[in-house]
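Student: I've got a fold in front of me and I'd like to talk it through. Can you take my questions one at a time?

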Amino acid sequence: MPFYQYFCEANGLIVEVNHSMSTRLKTWGEVCQCSSIDPGKTPTDSPVIRLISKPMPIVWRLKGLDKDEPSNKLLV
């Protein structure tokens with residue numbers, strides 16, 4: 001599952017949350033519940049904005065890249 005960053009204007013905090021691509025968090029309470037943090041004094045119905053974040057690179061490692069034994073198999 002990918003990570004997303006959410007900004008809450010009510011408290012100025014940015015929280016990183018791990019959830020499926022189809023999930024859309026809209027409030028501070030949803031972000032806190034998903035990330036297992038205490039909402040503090042911020043109202044749980046405060047709106048949040050999902051930030052555009054830099055995607056994490058996927059690194060592929062080729063198996064059998066010996067100069068004597070080339071291979072096209074990928075390991076994840």
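Student: How many helices and strands does the chain have?
Tutor: Keep in mind that this is a predicted model. Reading along the sequence, you run through the pattern β-β-α-β-β-β. Count those up and you get one helix and five strands.

Student: How do E1 and E2 pair, parallel or antiparallel, and over how many bridges?
Tutor: These two strands form a hairpin with four residues between them, and glycine 12 takes a positive phi near 75° there. To get your bearings across the pair, find glutamine 5, which stands opposite glutamate 16 in E2. The pairing of E1 and E2 is antiparallel, over six bridges.

Student: Which residue has a positive phi although it is not a glycine?
Tutor: Look in the loop between H1 and strand E3 (48-50). The residue you want there counts as exposed, because its relative accessibility is 68%. Its phi is about 60°, and it is serine 36.

Student: Which elements give two or more residues to the largest nonpolar core?
Tutor: As a rule, nonpolar side chains in soluble globular proteins tend to be buried together. Here the largest such core has ten residues, among them Tyr4, Val15, Trp28 and Val48. The elements that supply two or more of its residues are strand E1 (3-8), E2 and H1.

Student: Which residues does tyrosine 4 touch, leaving out those up to four places away in sequence?
Tutor: Tyrosine 4 is one of the residues of that largest nonpolar core, and so are Val15 and Val17. Both of those valines turn up again among its contacts. The full set is Val15, Glu16, Val17, His19, Ser20, Met21 and Arg50.

Student: Where is cysteine 8, and is it buried or exposed?
Tutor: Cysteine 8 sits in strand E1. Its contacts beyond four places in sequence are Leu13, Trp28, Thr42, Ser46, Pro47 and Val48. Its C-alpha is 9.4 Å from that of valine 31, which is 23 residues away along the chain. With a relative accessibility of 0%, cysteine 8 counts as buried.

Student: Why is cysteine 32 not bonded to cysteine 8?
Tutor: A disulfide is a covalent bond between the sulfur atoms of two cysteines. The structure holds zero disulfides, and for cysteine 8 the nearest cysteine sulfur is that of cysteine 32. Cysteine 32 is itself buried, at a relative accessible area of 3%. The two sulfurs are too far apart for a bond because the distance between them is 7.9 Å.

Student: How far is the backbone oxygen of threonine 44 from a polar atom of the side chain of threonine 27?
Tutor: Start with threonine 27, in the loop between strand E2 (13-18) and helix H1 (28-35). Beyond its neighbours within four places in sequence, threonine 27 is in contact with Thr44, Asp45, Ser46, Pro47 and Val48. From the side chain of threonine 27 to the backbone oxygen of threonine 44, the distance is 3.4 Å.

Student: What share of the chain's accessible surface belongs to carbon and sulfur atoms?
Tutor: Of the 76 residues in the chain, 21% count as buried. The accessible surface comes to about 6300 Å². The share of that surface belonging to carbon and sulfur is 56%.

Definitions and conventions:
Residues are numbered from 1 along each chain as its sequence is written. This is a predicted model: local features need pLDDT of at least 70, side-chain atom pairs count only at pLDDT 80 or more; totals for chains, interfaces and linings use all residues. Side-chain values use heavy atoms; hydrogens and water are left out. A polar contact is a pair of N or O atoms within 3.5 Å; within protein, one must be able to donate a hydrogen and the other to accept it, and residues adjacent in sequence count only if both atoms are side-chain atoms. Contact means heavy atoms within 4.5 Å. A disulfide is a pair of cysteine sulfur atoms within 2.5 Å. Buried means under 20% relative accessible area, exposed over 50%, partly exposed in between (1.4 Å probe, protein chains only). A nonpolar core is a set of buried Ala, Val, Leu, Ile, Met, Phe, Trp, Tyr and Cys residues joined through side-chain atoms within 4.5 Å. Accessible areas come from the Shrake-Rupley method with a 1.4 Å probe; for residues, only the protein chains shown count as cover. Two strands pair if DSSP finds at least two bridges between them.
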